[in-house]
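Good morning, colleagues. Please turn to the sequence and the structure on the screen, and I shall take you through several of the features computed from the model.

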Amino acid sequence: MRLAHRLLMATPASIGSKSSLSEALALLPPLQLYRRILRVHRKLDPEMRVLGDSYVKKEFRAHRTAENPLHIIGFLTEWQLYAQKLEGNNWAGDKLDEAKLNKMSDQQIGQLFELMQAIRNQEGEGEGEGETK
């Protein structure tokens, strides 16, 4: 994501179109976005916070060396939208957009499935704890 800093500091002549410049300038730099997400996670239940924090850390580490500007902008855009949803408390029960799902690779769908299973496992453990008290 070293390239992201250059994209965020770009001029219209260096990028080529005004719309891509405005999109690039609207994004937070990766480190600020990462910190913002971890701060937003503080208001989640402890189990969900641990799951969310570990997933965010893993994804940002995996994309640390990305150099394709389109991948970087897409990555940062989606994580920024995620942070905004969590801050607005309108994420619960939100469904994944079908257009985004259709654009996902098999690997991404597999990751999404693993995340869904992890969430369900944690919810099941939480319910089991509540019944024994």
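Helix 4, which covers residues 30-40, packs against helix 5 with the two axes 10 Å apart and at an angle of about 170°. Because angles over 145 degrees count as roughly antiparallel, helix 4 is described as roughly antiparallel to helix 5. Please bear in mind that this is a predicted model.

Which residues make this contact? From helix 4 come P30, L33, Y34, I37 and L38, and they meet D53, V56, K57 and F60 of helix 5. By class, the residues of this contact divide into 7 nonpolar and 2 charged, with no polar residue.

I turn next to the aromatic rings. The count of aromatic pairs comes to 6. One of them joins Y55 and W79, with 6.3 Å from centre to centre and 45° between the planes, a tilted arrangement. Y55 belongs to helix 5 and W79 to helix 6, so this pair ties together parts that are 24 residues apart in sequence.

Finally, I come to the pockets. How much space lies in the largest pocket? The value is about 2,200 Å³. There are 44 residues lining this pocket, and those closest to its centre are E78, L96, M104, L112 and L115. Which elements give two or more residues to the lining? They are helix 5 (46-62), helix 6 (69-88), helix 7 (98-103) and helix 8 (106-132). As for the character of the lining, its residues divide into 23 nonpolar, 11 polar and 10 charged.

To draw these topics together, helix 5 packs with helix 4, holds Y55 of the tilted aromatic pair, and gives two or more residues to the lining of the largest pocket. Thank you for your attention.

Definitions and conventions:
Residues numbered from 1 in each chain as written. Predicted model: local features only at pLDDT ≥ 70, side-chain atom pairs only at ≥ 80, totals over all residues. Heavy atoms only, no water. 1 Å grid on protein atoms, 1.4 Å probe; cavity = no way out; pocket = protein on both sides within 12 Å on 5 of 7 lines; lining within 4 Å. Points joined across faces, edges and corners; volume = space filled by probe spheres on them. Helix = DSSP H or I, 4+ residues; strand = E, 2+ residues; numbered from the N terminus. Nonpolar A, V, L, I, M, F, W, Y, C, P; charged D, E, K, R; others polar. Axes fitted to C-alpha atoms, helices over the stretch in contact; angles between N-to-C directions. Parallel < 35°, antiparallel > 145°, perpendicular 65-115°, else oblique. Contact = heavy atoms within 4.5 Å. Phe/Tyr/Trp six-rings, centres within 6.5 Å; stacked < 30°, edge-to-face > 60°.
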